[in-house]
Amino acid sequence: MLLFFEEYGHLFSKNCVFYYFATAMMKKDVQKLIKHGKIIPCKFVGHAEQSMKDNKAMLAIEGNDKEEITQVGQWFLKDMKLMEAAEEDVLFMNQKVTEMAIQFAVIVKKELQNQKVNDEMLQHSLEITSRGVIQSYMNDTLGHFGKKIAREVENEVHDEN
């Protein structure tokens, strides 16, 4: 994206509106490359590919320009939730959740591999069980088994803080 702005940014009219979706690219970075026009950061909250698979997407748009939010809303399916949020907040949240998800996967994989479990079962369970349990926990739809574990974990986390 930087190459595009560096190469062609000067060719656009002063009234041009630039919508950009790169999560890690901040408005201040884009403003260095484009000296005129309006710049609107649009950031996927969460993992974009998974959002599309689940047909459950959220897009944060910085600023309070309702016209721009409406414009972006017309480009996407009605299932796309649009909200106003600072791009730094989206980047922080996406980075933190990504970091903790990877940390979780690495810890579980290492611990279970040390227990000499079947690699194919481990891969499957890590991918499927973790997504299902997290979704059930967030939607408060855990079964008896999951609720018992959730209470234990919540008490441990509460005791640590």
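This report looks at how helices H5 and H6 pack in a predicted model, and then at the largest pocket.

## How H5 and H6 pack

Let's start with two helices: H5 spans residues 87–114 and H6 spans residues 119–138. Their axes lie 11 Å apart and make an angle of about 150°. Angles over 145 degrees count as roughly antiparallel, so H5 and H6 are roughly antiparallel to each other. The crossing of H5 past H6 is right-handed.

On the H5 side, the contact is made by Phe-104, Ala-105, Val-108, Lys-109, Leu-112 and Gln-113. Their partners in H6 are Asp-119, Leu-122, Leu-126 and Ser-130. Sorted by type, the residues of this contact are six nonpolar, two polar and two charged.

## The largest pocket

Now for the open space in the model. The largest pocket has a volume of about 2,700 Å³, and 48 residues line it. Nearest its centre are Val-97, Ala-101, Ser-130, Arg-131 and Ile-134. Ser-130 also belongs to the H6 side of the helix contact described above.

Which elements give two or more residues to the lining of the largest pocket? They are helix H3 (48–54), strand S3 (57–61), H5, H6 and helix H7 (144–160). H5 gives the most, with 14 residues. By type, the lining of the largest pocket divides into 27 nonpolar, 13 polar and eight charged residues.

How values were computed
Residues are numbered from 1 along each chain as its sequence is written. This is a predicted model: local features need pLDDT of at least 70, side-chain atom pairs count only at pLDDT 80 or more; totals for chains, interfaces and linings use all residues. Side-chain values use heavy atoms; hydrogens and water are left out. Axes are lines fitted to C-alpha atoms, for helices over the stretch in contact, and angles run from 0 to 180 degrees between N-to-C directions. Helices (H or I, at least four residues) and strands (E, at least two) are DSSP runs, numbered from the N terminus. Angles under 35 degrees count as roughly parallel, over 145 as roughly antiparallel, 65 to 115 as roughly perpendicular and the rest as oblique. A crossing is left-handed if the near helix is turned anticlockwise from the far one by less than a right angle, and right-handed if clockwise. Contact means heavy atoms within 4.5 Å. Ala, Val, Leu, Ile, Met, Phe, Trp, Tyr, Cys and Pro count as nonpolar, Asp, Glu, Lys and Arg as charged, and the others, Gly among them, as polar. On a 1 Å grid over the protein atoms alone, a cavity is a set of points where a 1.4 Å probe fits but cannot get out, and a pocket is an open set with protein on both sides within 12 Å along at least five of seven lines; lining residues have an atom within 4 Å of a point. Grid points are joined across faces, edges and corners, and a volume is the space filled by probe spheres set on the points.
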